[in-house]
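Let's take a walk through this structure together, beginning with its overall layout and ending with a few side chains. Please keep the sequence and the 3D view side by side as you read.

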Amino acid sequence: MRKTLTSLLAAASLAMVLPAPQAHAVSKEMIQLQTQVQQLQDMLQHLQQSNDERMGVLQHLVEQTADNVNRMSQTMNTLQQQIQAQNESGGGKVDQLSGQIQGVNDSVDELKGRIAKLDSTVQALQAQLQNVNATPAGQQGQAGQQSSG
């Protein structure tokens, strides 16, 4: 009886000292999973930063183009006024040139519309990007609550 009791105590103390094989495997899998999650978060952050930089450059270029088109439109209006003033004093070629300038002016107006459309598209892309970035943060919060539960 003493031998049985001694062997039971030895087995219990040995079980406490040595880790269980399944617990070690689960712990290793958890560490790998945490490492992978961290890598994904780092890649997502890098992607976000890169996307923000590119979006900023794109928006800056759109604004520059809009400013250039506005200046060109003002210049065309000034030229058109000068030509009309000369036309009033006489000249057949001035009428032809005035028509051509009006055509250019119409093209500039069309460019303004396209740039406005491009600007709205950029704004929509930024909004979608913010929505995409907000979604993983919400999912991470849910995953943290599930793992703590």
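Helices here are DSSP runs of H or I with at least four residues, and they are numbered from the N terminus. With that in hand, the protein chain reads α-α-α along its sequence. In total there are three helices and zero strands. What you are looking at is a predicted model, and a word about confidence will help before we look at any details.

The mean pLDDT of the protein chain is 77, and 69% of its residues reach 70 or more. Confidence is lowest in helix α1 (residues 2-17), where the mean is 53, and highest in α2, where the mean is 86. Where pLDDT is low, the predicted coordinates should not be read in detail. The stops on our tour are in helices α2 and α3, including Met30 in α2 and Asn105 in α3.

Now for the chain as a whole. Of its 149 residues, 11% are buried. The accessible surface comes to about 12000 Å², and carbon and sulfur atoms account for 58% of that area. How are the contacts spread along the sequence? Among those between residues at least 6 apart, 76% join residues at least 24 apart.

Let's turn to helix α2, which spans residues 21-89 and includes Met30. Together with Val26, Leu33 and Val37, Met30 forms a nonpolar patch on the surface, and the four residues have about 340 Å² of accessible area together. Is Met30 itself buried, exposed or something in between? Its relative accessible area is 42%, so Met30 counts as partly exposed.

Further along helix α2 you will find Gln80. Burial means a relative accessible area under 20%, and Gln80, at 12%, therefore counts as buried. Which residues does Gln80 touch, once its neighbours within four places in sequence are set aside? They are Ile101, Gln102 and Asn105. Two of these contacts also have a polar side: the side chains of Gln80 and Gln102 are joined at 2.7 Å, while the side chains of Gln80 and Asn105 are joined at 3.3 Å.

Following that second link brings us to Asn105, in helix α3. Asn105 is buried as well, because its relative accessible area is 7%. Leaving aside neighbours within four places in sequence, Asn105 is in contact with Ser73, Met76, Asn77 and Gln80. So if you centre your view on Asn105, try displaying those four residues around it, since they are its contacts under that rule.

Our last stop is also in helix α3. Side chains of opposite charge can pair when their charged atoms come close. How many salt bridges does a search of the whole structure find? The search finds one, and it links Arg114 with Glu110, whose closest N and O atoms are 2.9 Å apart. Why do these two residues sit about one helical turn from each other? Arg114 and Glu110 are four residues apart in helix α3 (residues 92-148), which means about one turn separates them. As for their surroundings, Arg114 is exposed, with a relative accessible area of 53%, and Glu110 is partly exposed, at 44%.

Notes
Residues numbered from 1 in each chain as written. Predicted model: local features only at pLDDT ≥ 70, side-chain atom pairs only at ≥ 80, totals over all residues. Heavy atoms only, no water. Salt bridge = Lys/Arg side-chain N within 4 Å of Asp/Glu carboxyl O. Buried < 20%, exposed > 50% of the residue type's maximum accessible area, 1.4 Å probe, protein only. Contact = heavy atoms within 4.5 Å. Areas by Shrake-Rupley, 256 points an atom, 1.4 Å probe, with all protein chains shown as cover. Patch = residues over 30% accessible without salt bridge, like charges linked within 9 Å, V, L, I, M, F, W, Y side chains within 5 Å. Polar contact = N/O pair within 3.5 Å; in protein donor to acceptor, adjacent residues only side chain to side chain. pLDDT = per-residue confidence, 0-100.
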